[in-house]
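Hi everyone, thanks for coming along. I have a structure to walk you through this morning, and I'd like to take it piece by piece.

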Amino acid sequence: MTARFLEDTDLYQDHFVKDVRYPYLAMIESSSRCNLLCVMCPRTIGKSPSSGTEYGDFSVELLAKVESFFPHVDEVVLSWIGEPFLNRKIDEIIDRVKRWPIQVHITTNGMLLDDHYAQMVVSKKVDSVAISIDGATDETFAKIRQGGSLDKIKANIARLNELKRREHSLVPLLQVAFVVQPQNVHELPDMVELTKELGIRQINVSPLDDFLMPTELGIEVQGAMGPKEHARRKFDEMMERAGGTDVNVGVTSPHRFYYELGDLTRSGEELWDDLFRNDYSYEEIATKGWRKGCAVPWAHVVIGANGEVHPCCVSPTSLGNLNDNTLEEIWFGEKYAAFRKALKSTRPHRDCWGCRRAIWNTPTPLESLREDMEVLKHEIHGLGWSYAFEARPGFGARHMQPQATLFLKNGRKPALSIMMAAEADAIGGHVTVGDTRVGKFRAERDWRSFEFHLPPFEDEILKVTITTEPRSSALLVHRVEQLEARYRRRLRRLAHRLLGR
């Protein structure tokens, strides 16, 4: 069947299946065990995507099988479903990760942050710690995070802040993580005062995630945050209160969050409700040509405490186990490739089809493909930027190599023009069309147009890749276009001179 959309072409599909880099983030579940029974946690009802009903701790032996990724990974999250501080080897795991210039983050329920663990996260320079607090009052907190004590968590955070002051340490950066759900949405404004009282300046709010169990949570009936008008009013009150403090409010899964608020205009993109629906039939989606918009299987690797490797943090599907294969064999293997290919099709894996985080993306009709394009987005692959990270021996910092890949209609013109500028210092790089390197560039802060000679290409679509030299500065690319008229004028002037006219 002839392709109707860019996303159906072999060139586009091969890009997403074959041009796979190492992930920039590794999520390692330190422990799938937990000391609480939170009502919205899949573990509470035996549906944990990480370890099913068999709970345990991530071992140092398993970590050794992940370390080959550390030269390429920029951040390691040592938590997932369980409570990370239940792992008695967590200090050794942090030490092993911190041999590399890697950002280390831990999310905890805060109940075990006693003197020992407070000293540990400070002395080992853990970069950030998020404490999950899903209620501003004792009553609401106790209903949601069953087995927890808000007073104890407050005392633990105060101890950790005092230790940071005593040690003159800026890390770990502390955050509050608040999962908004129908039973606590009314306390959003009060969370600003609580966060400030705790001596924390960052609170991240996220919509209730169903982890593929909407029936148990009642999401399909009442919404992830309850009635949208009520949720919107409480969130607006929260933002108004935060405006008069030094507390910053961050939103995770923003498209989904603003959808649950009933105000998609806040997302900054042109979105509509139908893109969030998961009740379409396969035939309807195939007719529309829609795909699920998700970059996680290319950007993050998620590893459960039992060694199972998952495509994302909400999927129970295993694509391999570190007890059976190396992480390279799994990440670059056939199961991962098939999962990624399905995600870029109109029939993604069942976990992706029902996911409430990733929304549907509309496709690019081939007839609408342009010969020029603005490239200012920050996506993982195709039509935007991706990033490769590398740690080098003897350097205390990690090098970053931005790369943009985009697809243009082949106008069979003799040149490619790219307007570029560097965000900070001058930055160099090269441009490749297909497998052919067409030239180098060195961009400054001022916008400048670079022109690259193009050999004849027979393909209807050109894959253009812009790669910068490894460093920490990012490149801005404003517009890419194929030139013809300018070269024609130059050729005419040259012909006039040669012919003496």
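I'll go through some strands, a surface patch, the salt bridges and a few polar contacts. Please keep in mind that this is a predicted model.

Let's begin with an open sheet. Four strands make it up, in the order E14-E22-E17-E20, and their pairing is antiparallel. Which strands stand at the edges? They are E14, residues 372–375, and E20; each has a single partner strand, so one side of each is left without a neighbour in the sheet. Going from one strand to the next, the twist averages 15°.

If you zoom in on one of those edges, you'll find E14 joined to E22, residues 475–483, by three bridges, with the two strands running antiparallel. A handy landmark there is Met373, which stands opposite Val480 in E22.

Now to the other edge strand, and the loop that leads into it. Between strand E19 (436–443) and strand E20 (448–453) there is a loop, and Trp447 lies in it. How much of Trp447 is accessible? Its relative accessible area is 44%, so Trp447 is partly exposed. Trp447 also belongs to a nonpolar surface patch of about 280 Å², which it makes together with Leu376 and Met419.

Next, please find strand E16, residues 398–409. Is E16 mostly covered or mostly open? Mostly covered: ten of its twelve residues are buried. E16 pairs with strand E15, residues 384–391, through eight bridges, and the two run antiparallel. You can pick out the register from Gly384, which stands opposite Thr405 in E16. E15 and E16 form a hairpin with six residues between the strands, and in that hairpin Gly394 takes a positive phi near 90°. E16 also pairs with strand E21, residues 461–468, again in the antiparallel sense, this time over seven bridges. Here Ala404 is the residue to look for, standing opposite Ile466 in E21.

On to charges. How many salt bridges does the model have? The count comes to 29, and I've picked a few to show you.

The first on my list is Asp134 with Arg145, where the closest N and O atoms are 2.5 Å apart. Asp134 sits in the loop between strand E5 (128–132) and helix H5 (138–144), while Arg145 is in strand E6 (residues 145–146), so this pair ties together parts that are eleven residues apart in sequence. Asp134 and Arg145 are both buried.

Then there is Asp209 with Arg357, with 2.4 Å between the closest N and O atoms. What does this one connect? Asp209 is in the loop between strand E8 (202–207) and helix H8 (214–217), and Arg357 is in the loop between helix H16 (350–353) and strand E13 (360–361), so the pair ties together parts that are 148 residues apart in sequence. As for cover, Asp209 has a relative accessible area of 11% and is buried, whereas Arg357, at 36% relative accessibility, counts as partly exposed.

Arg266 and Asp263 give us another pair, their side chains meeting in a salt bridge at 2.9 Å, N to O. Arg266 is partly exposed at 31% relative accessibility. Why does Asp263 count as buried? Because its relative accessible area is 18%, and the cut-off for buried is under 20%.

Besides these pairs, there is a network: Arg370, Asp372, Glu374 and Arg479 are joined into one by salt bridges that share partners.

I'll finish with two buried polar residues. Ser31 is placed in the loop between strand E1 (25–28) and strand E2 (37–38). With 1% relative accessibility, Ser31 counts as buried. What does the side chain of Ser31 reach? One answer is the backbone nitrogen of Arg33, at 3.1 Å. The Ser31 side chain also makes a polar contact of 2.6 Å with the side chain of Asp57.

The second is Glu260, in helix H11, residues 254–261. Glu260 is buried as well, its relative accessible area being 4%. A polar atom of the Glu260 side chain lies 3.2 Å from the backbone nitrogen of Ala224.

That's my tour. Thanks for listening, and I'm happy to go back to any part of it.

How values were computed: Residues numbered from 1 in each chain as written. Predicted model: local features only at pLDDT ≥ 70, side-chain atom pairs only at ≥ 80, totals over all residues. Heavy atoms only, no water. Patch = residues over 30% accessible without salt bridge, like charges linked within 9 Å, V, L, I, M, F, W, Y side chains within 5 Å. Areas by Shrake-Rupley, 256 points an atom, 1.4 Å probe, with all protein chains shown as cover. Salt bridge = Lys/Arg side-chain N within 4 Å of Asp/Glu carboxyl O. Buried < 20%, exposed > 50% of the residue type's maximum accessible area, 1.4 Å probe, protein only. Pairing = 2+ DSSP bridges. Axes fitted to C-alpha atoms, helices over the stretch in contact; angles between N-to-C directions. Polar contact = N/O pair within 3.5 Å; in protein donor to acceptor, adjacent residues only side chain to side chain.
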